[in-house]
Amino acid sequence: MNATAWLLAIAQALLYVALAPLLVGWVRKVKARLQNRRGPPLLQAYRDLYKLFGKETRVAHTASPLFRAAPYVVFIATWLAAMAIPLLAVDLPTAAIADIIVVVGLLALARFFLALAGMDVGTAFGGMGASREMLIAALAEPAMLMAVFTLAMTAHSTNLSSVVDAHLAAGLVLRPSYLFALGALLLVALAETGRIPVDNPATHLELTMVHEAMILEYSGRHLALMEWAAQIKLLLYGVLIVNVFLPWGIARELLPADLGLGFAAVVVKLLLLGAVLAVGETVLAKMRLFRVPAFLNLALLLALLGLLGHVILEVGA
Amino acid sequence: MSITTLPLLQQLVLVLAAIVLFTSFVLLAQARLVSAIHAFAWQGALTAAATAVVAVAGHEPHLYFSAALTFLLKALLIPWMLHRLVARLALDRHVDLLRHPALVVMAAVALVIFSYWLVLPMVRLELAFTRNIVAISLAVVLIGLLMMVFRQQAVAQVLGFMSMENGLFLAAVSATGGMPLVVELGVAFDVLVAMVLFGVFFFQIRDSIDTLDVDRLNRLTESLEDER
């Protein structure tokens, strides 16, 4: 039993790595269709990664060893963070090791190395991107933690598996706090994964870019790892949102039929979320960087209202 | 009594009340007048919806009437009148920025906590399933007051005043199952008359000081160097 659980946990971790480019491809495809373009094929993101792994890796003369190490640290930290989030089944051993605060910490570690690597070579773009990334992160992290604490207060546990379990056990309950926490997490996810109101993932060589500016000096397999880590981060936030707020379908027993259902459910939910993201990116325009603090203040306010709503409306005397 | 023990309809009332509180924050921080009027209309519609759901959940048919009255007045008529006023005063594109938006919003959060603390002894009395909403409605009233203090623009202050009335109405519905019909009609009529009077006052204020920034009303002298 224990060995099967570990095998499943490893399979789930591999699934994160394998599915991440597909989600990005899907979002790009829907976005292209909305703009009346045919768009690249769904598997284009895999082909890009394959191409980058085959290319020669060039490193600037001024780069320190940190510049070479950063892609591996960023990729592994993001991947470890993803492992703790239930994708197919609850109660897997990886979820028991790490709770949501560890996930936030691992993402912060990845971001720290990303920003250091951006500044390492000493180009103007890298430093600018790093400073902007840290500005966004400093505002997004408190909002994310608040939203997560709202969930934790409802479930009396910071472990994501228990949160999902408690939500499933309670059945359909309309909770004001979950509504606000969902809003806050959606805004934070947009900011943290560099999607459109905050950063434009499709742009290069403009003064507005944040994530692209930091990885401008990378090439070859380093660049592939950085891109892949960003894709895993998007999948991580997507799974976090769909599986915590709409957990129905996730497997609670480790039986093949349940796992198959869990896989189908999470794929359908992610496809829907990806389509919503693409529609959002089509109708919204990128905001000025100086508006981003106001955007993230809204996320913090929503998270705070979620906490207060939980205390005032849900606990009772 | 935690939320999981309540029937689904009563949970819906709590969710609607929470969203009413959120629209209060939107009103407080919204810089564009027209958007603020839209937020106020949404708040009225949500208050009406909460009243209607209380009527269904608590089997109180007279609340249907209150809900319909609130919806017509707060979500349709008054926002429409404000829209017309704003259009006639040529304030459609007016932006009224708060001086320290983050601080004001944090003050409003503090007010929510304060009103929860105030209501705590009352919650222990075990009134009805709606008693938790009393804290929310008190917070809506206080945030309306805060809005009247921090906004300089007369139309925005009127919006704060009207949202206070929304909070009072929500408190009446949640604490006592609605006011008697006569009182309710009287209040509704009062709000309508207040709205008409505000409209007249806007024009008076603008005629006398050429702006709707009511901070200018603090100055008593008419000397030129004081004007700017």
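This is a short talk on a two-chain model, going from chain B to the contact between the chains, then to the core and a few details of chain A.

Hello everyone, and thanks for coming. Please keep in mind throughout that this model is predicted.

Let's begin with chain B. It has eight helices and zero strands, so the pattern along its sequence reads α-α-α-α-α-α-α-α. Taken along the principal axes, the C-alpha atoms of chain B fill a box of roughly 65 × 35 × 25 Å. How does the radius of gyration of chain B fit with a compact globule? For 228 residues, such a globule would have a radius near 17 Å, and chain B has 19 Å, which agrees. Of the 228 residues in chain B, 39% are buried. If we take the contacts in chain B with a separation of 6 or more, 72% of them are between residues 24 or more positions apart.

Now to the place where the chains touch. On one side we have 24 residues of chain B, and on the other 18 residues of chain A. Which helices of chain B each supply at least two residues to its side? They are α1 (8-29), α4 (101-123) and α5 (132-150). The largest share, nine residues, comes from α1(B). By type, the chain B side divides into 19 nonpolar residues, four polar and one charged.

Next, the core. The largest nonpolar core has 166 residues. Those with the most contacts inside it are A:A143, A:A147, A:A184, A:V188, A:L235, A:A303 and, from the other chain, B:A17. Helix α10 of chain A, residues 220-245, gives the largest share of this core, with 16 residues. Do have a look at A:V188 on your screen. Leaving out residues up to four places away in sequence, A:V188 touches A:A140, A:A143, A:M144, A:A147 and A:A299.

Let me turn to two helices of chain A that bend. The first one I'd like to show you is α3(A), residues 65-83. At 1.5 Å a residue, its 19 residues should span 27 Å, and the end C-alpha atoms are 28 Å apart, which agrees. Where does α3(A) bend? The bend is at A:P71, by about 25 degrees. A:P71 is also among the buried residues of this helix, which include A:F67, A:V74, A:F75, A:W79 and A:M83. What covers the buried residues of α3(A) includes α1 (2-34), α4 (93-97), α5 (100-120) and α10 of chain A.

The other helix is α12(A), residues 292-315. Its 24 residues should span 34 Å at 1.5 Å a residue, and the end C-alpha atoms are indeed 34 Å apart. There is a kink of about 30 degrees in α12(A), centred on A:G309.

Finally, two loop residues of chain A. A:N36 sits in the loop between α1 and α2 (44-54). It is not a glycine, yet its phi is positive, at about 60 degrees. Is A:N36 buried or exposed? It counts as exposed, because it has 7 C-beta neighbours inside 10 Å, and the cut-off for exposed is 12 or fewer.

A:H156 lies in the loop between α6 (124-155) and α7 (160-170) of chain A. Here too phi is positive in a residue other than glycine, near 55 degrees. With 9 other C-beta atoms within 10 Å, A:H156 is exposed.

That's my tour, and I'm happy to take questions.

Definitions and conventions: Residues numbered from 1 in each chain as written. Chains lettered and ligands numbered in written order. Predicted model: local features only at pLDDT ≥ 70, side-chain atom pairs only at ≥ 80, totals over all residues. Core = buried A, V, L, I, M, F, W, Y, C linked by C-beta atoms within 7 Å. Buried ≥ 20, exposed ≤ 12 C-beta atoms within 10 Å, placed from the backbone. Helix = DSSP H or I, 4+ residues; strand = E, 2+ residues; numbered from the N terminus. Contact = placed C-beta atoms within 7 Å. Nonpolar A, V, L, I, M, F, W, Y, C, P; charged D, E, K, R; others polar. Rg over C-alpha atoms; globule rule 2.2 N^0.38 Å. Expected span 1.5 Å × (residues − 1). Bend = angle between axes of the 7 residues up to and from the residue.
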